[in-house]
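Subject: Structure for you to look at

Hi,

Here is the structure I said I would pass on. Have a look at it first, and then read my notes underneath.

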Amino acid sequence: MSTPEQSATRLVAVTELGDSQVAVVEQTPHGTLAVGMSAGKPFAVSNRCRHLFASLGEGRVTTEGCLQCPWHGARYDVETGKMVRSPQAAYKPLAGVIRATAGAISLKRFSVELRDGAIWLVG
């Protein structure tokens, strides 16, 4: 029988996140994840934007606590995984269509917690 300590995987130290407050973490039990801090809470979500599959771990956490895609500015609520703002710039006229199609599929979320200044995948 495994204990919580045995089933936890260290993902990244909070100090390694930098100003963006998010990082790409590869080779986890769930593949590559975007891992970071939002409003003082750790999160881990699938790494690919639902629009054109940009690496969300290369984006940033906004002052509102959303994870923003580095390519076209789509934003995701890290607590629900839902796209809360569609891609901007040249894609802005198509924002409603993108949000209703590819953007309707939420990011996968994974259980994490803070331990000793690092974000750990649990469960």
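One cut-off before anything else: a residue counts as buried if its relative accessible area is under 20%, and as exposed if that value is over 50%. Bear in mind too that this is a predicted model.

With that cut-off, C49 is buried, because its relative accessibility is 1%. C69 also falls on the buried side, at 4%. So are these two cysteines bonded or not? They are not: the sulfur of C49 has its closest cysteine sulfur in C69, but the gap is 3.8 Å, which is too far for a bond. The cut-off for a disulfide is a pair of cysteine sulfur atoms within 2.5 Å. Looked at from the other end, C69 is in no disulfide either, and the nearest cysteine sulfur to it is that of C49. A search of the whole structure gives the matching result, with zero disulfides.

Now the overall picture. The protein has two helices and ten strands, and along the sequence they follow the pattern α-β-β-β-β-β-β-β-β-α-β-β. Of its 123 residues, 46% count as buried. For a chain of 123 residues, a compact globule would have a radius of gyration near 14 Å, so the 15 Å found here agrees with that. Along the principal axes, the C-alpha atoms fill a box of roughly 50 × 30 × 20 Å.

There are two sheets I'd like to walk you through.

The three-stranded one is open and antiparallel, with the order β2-β3-β4. β2 (22-28) and β4 (41-46) are its edges; each has a single partner strand, so one side of each has no neighbour in the sheet. From one strand to the next, the twist averages 30°. Five bridges hold the antiparallel pairing of β2 with β3 (residues 31-38), and if you want a spot to start from, V25 has L33 in β3 as its bridge partner. The link from β2 to β3 is a hairpin of two residues.

The four-stranded one is also open and antiparallel, in the order β5-β6-β7-β8. Here the edge positions go to β5 (60-61) and β8 (83-85), each with a single partner strand, so again one side of each is left without a neighbour in the sheet. In this sheet, β6 (residues 66-68) and β7 (residues 75-77) run antiparallel and share three bridges. L67 stands opposite Y76 of β7.

After β8 comes a loop that leads to α2 (95-100), and A90 sits in that loop. Is A90 buried or exposed? Its relative accessibility is 68%, so A90 counts as exposed. The C-alpha atom of A90 is 8.4 Å from that of H72, although the two residues are 18 apart along the chain.

Last, the aromatic side chains. I found zero aromatic pairs in the structure. There is a charge over a ring, though: R115 lies over the face of W120, at 5.3 Å from the ring centre.

That's what I have for now. Tell me which part you'd like to go through together.

Cheers

Technical notes. Residues numbered from 1 in each chain as written. Predicted model: local features only at pLDDT ≥ 70, side-chain atom pairs only at ≥ 80, totals over all residues. Heavy atoms only, no water. Pairing = 2+ DSSP bridges. Axes fitted to C-alpha atoms, helices over the stretch in contact; angles between N-to-C directions. Phe/Tyr/Trp six-rings, centres within 6.5 Å; stacked < 30°, edge-to-face > 60°. Lys NZ or Arg CZ within 6 Å of the ring centre and 35° of its normal. Buried < 20%, exposed > 50% of the residue type's maximum accessible area, 1.4 Å probe, protein only. Rg over C-alpha atoms; globule rule 2.2 N^0.38 Å.
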